[in-house]
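Please look through the structure shown here with an eye to its aromatic contacts, its strands and its charged pairs, which the paragraphs below take up in turn.

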Amino acid sequence: MPGRDAAVPDGSGEIARTGVPGQRVDATEADDVPRYAPQWLQLREGADAGARAPELLDPLRIRLANRPGRGGDLVIHDLGCGTGSMGRWLAPRLDGAQHWILHDRDPYLLHFATVGAPRAAADGSGVTVTTQRGDIGRLTVDALAGASLVTASALLDVLTGEEIDRLAAACVGAGVPALLTLSVAGRIELASADPLDAEFAEAFNAHQRRGELLGPDAITAACEAFGRHGATVRVHPSPWRLGPDDAALIEEWLRGWVGAACEQRPDLAAHAESYLRSRLAACAAGELRAVVHHSDLLALPRPTGGAT
């Protein structure tokens, strides 16, 4: 997954040890591994859990209950797993014994994900985990042999169009459904409104699209890619709705959001200090509310003999 020193969040809630939030960054020379800070991933976990769309779970459960060879454990690949929050949210919502394969480039995060992995499914069946370090942007049909489900959280917007197409082709080719949650939608609502909100939002969205990354265009690209390869696609909103109880999260998110916008548009720096001071004061007073829009996607390919 996606220098260099300070930890700053991007708009989707991921965090990299970099001055460039919202995109994957070069690895450090020390270990050649790009990193996300576990403190931020832990801070956002509650908001993520409250935002993911439960409406997509019933069609997913039906598909998993009727999968070919359904006598065995569910085998679930969690791409870019971070500290494992997707597994902690989803495993207790699915029946049956499960084996999760946690993918990330960062061994530090894989350690956190393993230690905090869920132990039981919804019906009390066991949950086991293994880890796999590597570049999930190069996932293949062969890598998904025997898989029941592919999941990811806050991943699509830090992929390129080519990587999303490759992911869709692998899932559809293997006949494996994909539940891909919390892709940024490029829309932010802050209360009360400020005239500068729109300018910071526009600059931040442009920052997320730097290089070949898709940012807020990723969810549309993923729908098109999965559809093009033959999957049925469902999308549901999954916004963060943040209020006084989320002050720590709002503060960290807001600092990163403004910082990325200023990096994209240096002319905004002249307004950033007073804007941020005002917003953080409202946050500290329990008066700031934020809606950060995301979308969840469920892709249901036609089952194949290779899917369990």
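Rings of Phe, Tyr and Trp (its six-membered ring) count as a pair if their centres lie within 6.5 Å, and the pair is called edge-to-face if the planes are over 60 degrees apart, stacked if they are under 30 degrees apart, and tilted for the rest. By this rule the count comes to four aromatic pairs in the model, which is a predicted one. In one of them, Tyr 108 and Phe 112 meet edge-to-face, with 5.1 Å from centre to centre and 85 degrees between the planes. Both residues belong to helix H4 (residues 107-115), where they are four residues apart, about one turn of the helix. Tyr 108 is partly exposed at a relative accessible area of 41%, and Phe 112 is likewise partly exposed at 27%.

Another pair, formed by Phe 200 and Trp 257, is tilted, with the centres 6.2 Å apart and 40 degrees between the planes. Because Phe 200 lies in helix H6 (residues 197-208) and Trp 257 in helix H8 (residues 247-264), this contact ties together parts that are 57 residues apart in sequence. Phe 200 and Trp 257 are both buried, and ring pairs link these two with Trp 253 and Tyr 275 into a cluster.

Turning to the strands, E6 (residues 149-153) is mostly covered, five of its five residues being buried. Leu 149, Thr 151 and Ser 153 point one way from E6, whereas Val 150 and Ala 152 point the other way. In a regular strand the side chains alternate between the two faces of the sheet. Strand E3 (residues 74-79) pairs with E6 in the parallel sense over four bridges, and Leu 79 stands opposite Ala 152. E6 is also joined by four bridges to strand E7 (residues 178-191), again running parallel, and here Ser 153 has Thr 181 as its bridge partner.

Among the charged side chains, the count comes to twelve salt bridges. One of them joins Glu 45 to Arg 88, with the closest N and O atoms 2.8 Å apart; since Glu 45 lies in helix H1 (residues 38-51) and Arg 88 in helix H3 (residues 85-90), the pair ties together parts that are 43 residues apart in sequence. A salt bridge within a single helix is formed by Asp 58 and Arg 61, which both lie in H2 (residues 57-65), three residues apart, and whose side chains meet at 2.8 Å, N to O. Arg 228 forms a salt bridge with Asp 165 at 2.7 Å, and because Arg 228 lies in helix H7 (residues 218-228) and Asp 165 in helix H5 (residues 161-174), this contact ties together parts 63 residues apart in sequence. Finally, Glu 199, Arg 265 and Asp 267 are linked in a network of salt bridges.

How values were computed: Residues are numbered from 1 along each chain as its sequence is written. This is a predicted model: local features need pLDDT of at least 70, side-chain atom pairs count only at pLDDT 80 or more; totals for chains, interfaces and linings use all residues. Side-chain values use heavy atoms; hydrogens and water are left out. Helices (H or I, at least four residues) and strands (E, at least two) are DSSP runs, numbered from the N terminus. Buried means under 20% relative accessible area, exposed over 50%, partly exposed in between (1.4 Å probe, protein chains only). Two strands pair if DSSP finds at least two bridges between them. A salt bridge is a side-chain nitrogen of Lys or Arg within 4 Å of a carboxyl oxygen of Asp or Glu.
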